[in-house]
Amino acid sequence: ILQDLADEFLAEYNIELVVELKSALRDDFQVAAPLGEGPDILFGVPHDQAGTLVFNGLLAPIDLGDKAKDFAPVALGACTFDGVLYCMPYATENLGFFYNTDLVQEPPTTWDEVVEIGEALKAEGKATYIMAVTGTTYDIYPLFTAFGGYIFGKDDKGNYNPQDLGLDNEGMIAAAQWLKEQVDKGNLPTDWDWGNNHALFETGEVPFIMAGPWALDRIRESKIPYAVTNFPEGPAGPGAQRAGTQGIYINAQSENALLAQAFLTEFVATEETMQKLYDAGKRPSAYLPVLEKTSDPDLLAMGEAGADAVMMPAIPAMGSVWGSWNDAIVLVRDGKQEADAA
């Protein structure tokens with residue numbers, strides 16, 4: 001989609017556009033940018049990975065001018081650090097609770113009901129597990145919050161407080177214990193590989209899965225009958241979730257920073273291009289003229305499920321959380337440590 005804009009950009013500014021795919025975009029950029037190298041533009045970095053890049057001075061501020069009104073305020077807020085906008089958002093995303101409509105007529109509203117329905121299906125030989133699990137952190141965050149867990153608390157100004165880390169609070173520990181109990185009972189698989197667990201849902205071996213818009217194509221192609229609903233409640237109430245924003249950033253070291261911004265505001269921030277990005281990515285558009293035309297029932301259902309979602313913390317300290325959070329949950333799941341110790 002972006003490369004298709006090359007001829008028009010060349011004709012307008014006499015600048016050649018080259019698009020390269022990087023599997024480790026952020027990591028490669030962090031190595032190259034301080035040396036004055038790397039791309040002019042980074043496309044598709046999640047907003048919560050940008051905090052460290054901003055903190056290290058690697059990203060340039062972006063001025064959307066009159067175009068700012070065409071973007072969802074929550075997405076712009078996710079890309080704003082200390083009052084300065086550092087990205088042009090193009091999509092938002094959050095999870096939804098998927099259920100197999102052949103196996104489940106009335107979706108569960110609590111995690112106790114998830115277990116009850118799933119165990120009944122297992123007993124009837126209609127399911128192998130009560131639910132697929134596609135990860136250890138973000139992918140099951142609504143479960144953690146339903147038990148009272150959180151990542152960072154906030155100070156009295158509403159800013160995330162890196163000194164208030166909630167990963168070892170009572171709710172997180174209780175959720176980890178719940179996961180371990182279900183694994184021990186044979187209700188959850190011991191392998192939480194993303195692809196393997198999606199296959200469990202897509203072949204009808206489990207009735208439930210938590211998934212995002214990025215998985216819609218494969219779920220639809222599987223022909224499994226499904227619907228999307230809100231997340232079950234737990235001891236602490238409804239399972240709240242974290243949302244993300246996919247953004248486009250400019251290299252602070254770029255010699256073409258003004259041209260890069262012109263490319264974004266004049267060629268990417270158009271209804272035609274943003275519509276193509278939405279069609280390809282199957283994520284709710286951050287561009288309001290496209291978002292307002294969205295009629296995909298699954299994305300609308302996910303939007304309802306994420307109505308109260310807040311953006312992932314984008315402070316630099318978040319970069320220190322992911323690995324340790326994952327390790328702790330794996331240690332609990334595999335019986336290497338008790339939940340409170342992990």
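**A three-stranded sheet, its helices and two cores**

Let me start with one pair of residues, N100 and Y226, which stand opposite each other, Y226 being in strand β9. Please keep in mind throughout that what you have in front of you is a predicted model.

That pair belongs to a wider arrangement, since β5, which covers residues 96-100, runs antiparallel to β9 and is joined to β9 by four bridges. If you step back, you will find an open sheet of three strands in the order β8-β5-β9, paired in antiparallel fashion. The edges of this sheet are formed by β8, at 208-211, and β9, at 226-229, each of which has a pairing partner on one side only. On average, and with direction ignored, neighbouring strands here are turned by 30° against each other.

Now to the helices that meet this sheet. Helix α8, residues 194-202, lies across β5, β8 and β9, and runs at about 130° to β8. Helix α13, residues 297-305, also packs on the sheet, where it touches β5, β8 and β9, and its direction makes about 30° with that of β9.

Let me turn to the interior. As a general matter, nonpolar side chains in soluble globular proteins tend to be buried together. In this model the largest nonpolar core has 58 residues, and the members that touch the most others are L59, M88, F98, V268 and M274. Helix α10, which spans residues 257-268, supplies the largest share of this core, namely five residues. Taking L59 as an example, and leaving aside its neighbours within four places in sequence, we find this residue in contact with F29, L42, A50, L53, V54, Y86, Y249, I250 and A252. Another core, of 44 residues, lies apart from the one I have just described, and its members include L121, A127, Y141 and F147.

Finally, I would like to look at two backbone positions in loops. Most residues other than glycine have a negative phi. K223, however, which is not a glycine, has a positive phi near 70°, and this lysine lies in the loop between α9, at 216-221, and β9. Is K223 buried or exposed? Its relative accessibility is 71%, and because the cut-off for calling a residue exposed is over 50%, K223 counts as exposed. The second position is K282, where phi is again positive, at about 55°, although this residue is not a glycine either. You will find K282 in the loop that runs between α11, residues 271-281, and α12, residues 288-291.

Technical notes:
Residues are numbered from 1 along each chain as its sequence is written. This is a predicted model: local features need pLDDT of at least 70, side-chain atom pairs count only at pLDDT 80 or more; totals for chains, interfaces and linings use all residues. Side-chain values use heavy atoms; hydrogens and water are left out. Two strands pair if DSSP finds at least two bridges between them. Axes are lines fitted to C-alpha atoms, for helices over the stretch in contact, and angles run from 0 to 180 degrees between N-to-C directions. Contact means heavy atoms within 4.5 Å. A nonpolar core is a set of buried Ala, Val, Leu, Ile, Met, Phe, Trp, Tyr and Cys residues joined through side-chain atoms within 4.5 Å. Buried means under 20% relative accessible area, exposed over 50%, partly exposed in between (1.4 Å probe, protein chains only).
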